[in-house]
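Dear colleague,

I am handing over the structure below, and my notes on it follow directly after. Please read them with the coordinates open beside you.

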Amino acid sequence: MLVWHRGARILFGRRRELEGPLEQFVAGPDCAVRRVPGLVVYPHGDPTTVPLALRTGVEMNRVLHEHVVIVTMKHIGVPRAHRDDRVHAREIGPGIVQVTYLVGFHDSQDVPSALRTAVALLGHPHEADCPDDCRRHLPALAVDADEAMYVLSVFRIEAGQEPVMPRWQKRLVRLLEKGSANRTQVLHLPPSRTVVMGAETVL
């Protein structure tokens, strides 16, 4: 476990460098590309950085879907999150919504269910009496959740010559990473509508 924690600390640091700040990405030239129809959902663990799959897709294809939803499952230290306070969402760019969904340690990490809940609760046009800072409605979430395509970020490890860890520890970290749970299943992503993209680093 000590070896895994050490290796994970190095890998997560490198992953954050590759991902880069989310606010900077959304406001920068990377998002000033042609928009194409569709709803794409990016499950992502860190709400401050760009999903690797989103960054990779924009860099490769130079297009962005009309509706982009970044979903973060945030774990809280209770058995079950309160239903009325599970969903927090904000529009961080034109057609780009960030959803934070609270889960307890007995709750399912079901991303499609989290999306449906967010759409049902918040995906409505503003009403005439809504204040300027209305949090009850988010028109950018007025989408058909059943039409969503899911793009999952992966981060592959390859052994290298950097002296960050002894060689046997590098092999152990790679072995443990390969044996980790299948995130497509953990997040309940539909196989027929899920694409996997990402990057790799040398340890």
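The N-terminal end of helix H4 is capped by Asp-110, a side-chain oxygen of which lies 3.0 Å from the backbone nitrogen of Ser-113. Please keep in mind that this, like everything else here, is read from a predicted model. Helix H4 itself runs over residues 111-122, and its 12 residues should span 16 Å at 1.5 Å a residue, which agrees with the 16 Å that separates its end C-alpha atoms. The buried residues of H4 are Val-111, Pro-112, Ala-114, Leu-115, Ala-118, Val-119 and Leu-122. Because they cover an arc of only 160 degrees around the axis, they fall on the same side of H4.

That helix leads on to the interior. The largest nonpolar core has 26 residues, and those with the most contacts inside it are Val-41, Val-69, Val-99, Val-111, Leu-115 and Leu-141. Two or more residues of this core come from each of strand E1 (34-43), strand E2 (63-75), strand E4 (96-103), H4 and strand E5 (149-158), and the largest share, six residues, is the contribution of H4. Val-41 may serve as an example of how these parts meet: leaving aside neighbours within four places in sequence, Val-41 is in contact with Val-69, Val-71, Val-111, Leu-115, Ala-148, Met-149, Tyr-150 and Val-151. Apart from the largest core lies another, of 17 residues, and among them are Phe-25, Cys-31, Tyr-42 and Val-151.

Met-73, which is found in strand E2, gives a second view of the start of H4. Met-73 counts as buried because its relative accessibility is 11%, under the 20% limit. Although Met-73 and Val-111 are 38 residues apart in sequence, their C-alpha atoms are 7.8 Å apart in space. Neighbours within four places in sequence left aside, Met-73 is in contact with His-44, Tyr-101, Val-103, Ser-108, Gln-109, Asp-110, Val-111 and Ala-114, and this list includes Asp-110, the residue that caps H4.

Three further buried residues, each in a helix, carry polar side chains that you may wish to look at one by one.

Arg-55 lies in helix H3 (residues 52-61) and is buried, with a relative accessible area of 15%. The side chain of Arg-55 reaches the backbone oxygen of Leu-18 at 3.3 Å. Not counting residues up to four places away in sequence, Arg-55 touches Leu-18, Glu-19, Gly-20, Phe-25, Asp-30 and Val-50; of these, Phe-25 is also one of the residues of the 17-residue core.

Gln-169 has its place in helix H5 (residues 167-178) and is buried too, at a relative accessible area of 11%. Gln-169 and Arg-6 are 163 residues apart along the chain, yet their C-alpha atoms are separated by 9.4 Å. Beyond its neighbours within four places in sequence, Gln-169 is in contact with Val-3 and Arg-6.

Thr-184, in helix H6 (residues 183-186), counts as buried at 18% relative accessibility. Residues up to four places away in sequence not counted, Thr-184 touches Leu-152, Leu-189 and Thr-194.

Two backbone positions deserve a separate mention. Arg-62, which lies in the loop between H3 and E2, has a positive phi of about 55 degrees although Arg-62 is not a glycine. His-188, in the loop between H6 and strand E6 (194-202), likewise has a positive phi, near 60 degrees, in a residue other than glycine. Arg-62 counts as partly exposed at 40% relative accessibility, and His-188 is partly exposed with a relative accessible area of 40%.

Finally, some values for the chain as a whole. The secondary structure comes to six helices and six strands, which follow the pattern α-α-β-α-β-β-β-α-β-α-α-β when read along the sequence. Of the 203 residues in the chain, 45% are buried. Among contacts with a separation of 6 or more, 79% are made by residues 24 or more positions apart. The chain exposes about 11600 Å², of which carbon and sulfur atoms supply 55%.

With best regards

Note on methods. Residues are numbered from 1 along each chain as its sequence is written. This is a predicted model: local features need pLDDT of at least 70, side-chain atom pairs count only at pLDDT 80 or more; totals for chains, interfaces and linings use all residues. Side-chain values use heavy atoms; hydrogens and water are left out. Helices (H or I, at least four residues) and strands (E, at least two) are DSSP runs, numbered from the N terminus. Buried means under 20% relative accessible area, exposed over 50%, partly exposed in between (1.4 Å probe, protein chains only). Contact means heavy atoms within 4.5 Å. Accessible areas come from the Shrake-Rupley method with a 1.4 Å probe; for residues, only the protein chains shown count as cover. The expected span of a helix is 1.5 Å times one less than its number of residues. The arc is that of the directions from the helix axis to the C-beta atoms. A polar contact is a pair of N or O atoms within 3.5 Å; within protein, one must be able to donate a hydrogen and the other to accept it, and residues adjacent in sequence count only if both atoms are side-chain atoms. A nonpolar core is a set of buried Ala, Val, Leu, Ile, Met, Phe, Trp, Tyr and Cys residues joined through side-chain atoms within 4.5 Å.
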